[in-house]
Amino acid sequence: MSVASYSYQLQPARVRVEFFRLLPISLFVVAFGAAFGLAATQKGLEPLQAVLMSATVFAGASQFAAVDMWGTEVSVLPMIAVVFAINSRHLLMGASLYPMLREVSPGKRYGLLLLLTDANWAVSAQEYQSGRRNLEVILGGGLALWLAWIIGTGLGVYFGGLLQDPKSLGLDMVLGCFLLAMALGGKKSPRVLVAWTVTALASLAAWKWLPANTHVVVGALAGGAIGFFWLERKPAPASDAEDSTHDR
Amino acid sequence: MTVETTTAGILFLIAIMTAVTLVTRFGGVFIMSFVKINPRIESFINTMASSVLIAIIVPMAVTGDAGALAALTTTAVTMLALRKPLPAIAAGIAAAGIVRFLA
């Protein structure tokens, strides 16, 4: 079927609301940006280069990791591998939004993905689970996060770390706590809890035994497999198979 | 292959990082555009979505310091009790700060 009209209309008013909704967490992103800016200049990047990297890459963890590999020379293939591994979660995040994204034109679809990052995705994905379609947060929230990341990097390169030790204030945990709150705010069913258990075990196993930075994708795919094989109950519950396993 | 960190070299490295990250941002949606969505795929996608969050958080909790563990535990308890994200996140961050101050 070739549908020329796309049913999802981005509403400017909602985009604005979502921008302000993610402003509080964006303030924390400024602090991380400052930490990145400081780290980048210490590794020999020019201030504008660090800001440029934040503006175009816009993926904090991978930027820290890449700058960590900086020297007088940088090995390109290992750097690509690290950046790809850390950011490979975007593949799954984008895929999870596909049911909504296919309702907008390809231009808007890939434009929105430019701003895809953990926090705005978590909001959108969680609301989708509750039956609300929200691509506005990807755009509005994404803009807030992107600007905060750039501004933070700028502050870091020109003024050093804003805070001597952001970790002592617990600021390194902002994103983790945010994502956890999003996860727990979503729909919980026995199926989801089983998937999360499998995910937790798989991600820990990957952390321990697989190459670094593969644990998010491995864990999430393991959890997704539970969803693939265990469908949410259909109108007619088919319990025949289960009964036959209980012959004792 | 190595690149010297001259001005041109750094710009080249930033361009590579940007391209690699763009591939990850676009790739999932691009691949999905060839997949026929049926209930099974839909169920896979939906379960995977919240699993991404768990796969980020659990190793963070297990391999992190006492402050990280305190932050995540406090956030979880507060979130389940109040069902409001902002107090839960604030309590978690405060917990990390307190535990690290005491440690």
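Student: Which residues of chain A are linked in a network of salt bridges?
Tutor: This is a predicted model, in which local features need pLDDT of at least 70, side-chain atom pairs count only at pLDDT 80 or more, and totals for chains, interfaces and linings use all residues, while side-chain values use heavy atoms, without hydrogens and water. Residues are numbered from 1 along each chain as its sequence is written, with chains lettered from A and ligands numbered from 1 in the order in which they are written. A salt bridge is a side-chain nitrogen of Lys or Arg within 4 Å of a carboxyl oxygen of Asp or Glu. The residues linked by such contacts into a network are Glu18(A), Arg21(A), Glu127(A) and Arg132(A).

Student: Which helices hold Arg21(A) and Glu127(A)?
Tutor: These two residues form a salt bridge whose closest N and O atoms are 2.9 Å apart. The pair links distant parts of the chain, 106 residues apart. Helices (H or I, at least four residues) and strands (E, at least two) are DSSP runs, numbered from the N terminus. Arg21(A) and Glu127(A) are held, respectively, by helix α1 (residues 12-21) and helix α9 (residues 118-129) of chain A.

Student: Is Glu127(A) buried or exposed?
Tutor: Buried means under 20% relative accessible area, exposed over 50%, and partly exposed in between (1.4 Å probe, protein chains only). Its partner Arg21(A) has a relative accessible area of 38%, so Arg21(A) is partly exposed. Glu127(A) has a relative accessible area of 8%, and therefore counts as buried.

Student: How many residues apart in sequence are the parts that Arg89(A) and Asp118(A) tie together?
Tutor: Arg89(A) forms a salt bridge with Asp118(A), with 2.7 Å between the closest N and O atoms. Because Arg89(A) belongs to helix α6 (residues 89-96) and Asp118(A) to helix α9 of chain A, the pair ties together separate parts. Both residues are buried. The parts in question are apart in sequence by 29 residues.

Student: Which residue of chain B meets Asp172(A) in a salt bridge?
Tutor: The N to O distance in this contact is 2.7 Å. The pair crosses between chains, running from the loop between α10 (136-159) and α11 (174-185) of chain A to helix α4 (residues 85-102) of chain B. Asp172(A) has 27% relative accessible area and is therefore partly exposed, whereas its partner, at 15%, is buried. That partner is Arg100(B).

Student: How many salt bridges does a search of the whole structure find?
Tutor: The contacts found include Arg21(A) with Glu127(A), and Asp172(A) with Arg100(B). Over all chains, the number of salt bridges found is seven.

Student: At what angle do the axes of α12(A) and α13(A) cross?
Tutor: Axes are lines fitted to C-alpha atoms, for helices over the stretch in contact, and angles run from 0 to 180 degrees between N-to-C directions. Helix α12 (residues 190-209) and helix α13 (residues 215-229) of chain A have axes that come within 7 Å and cross at roughly 150°. Such a crossing makes α12(A) roughly antiparallel to α13(A), since angles under 35 degrees count as roughly parallel, over 145 as roughly antiparallel, 65 to 115 as roughly perpendicular and the rest as oblique. The angle asked for is roughly 150°.

Student: How is α12(A) placed relative to α2(B), and what is the angle?
Tutor: Helix α2 (residues 39-63) of chain B packs with α12(A), their axes being 8 Å apart and the angle about 50°. α12(A) is therefore oblique to α2(B). The placement is thus oblique, and the angle is about 50°.

Student: Which residue in the loop between α3 and α4 (60-68) of chain A has a positive phi?
Tutor: Its phi is about 50°, although the residue is not a glycine. With a relative accessible area of 5%, the residue is buried. The residue in this loop is Phe58(A).

Student: What is the phi of Arg83(B)?
Tutor: Arg83(B) belongs to the loop between α3 (66-82) and α4 of chain B. Because its relative accessible area is 43%, Arg83(B) is partly exposed. Its phi is positive in a residue other than glycine, with a value near 60°.

Student: How far apart in space are Leu27(A) and Ala144(A)?
Tutor: Leu27(A) is part of helix α2 (residues 23-42) of chain A. With 61% relative accessibility, Leu27(A) counts as exposed. In sequence the two residues are 117 residues apart, and in space, C-alpha to C-alpha, the distance is 9.2 Å.
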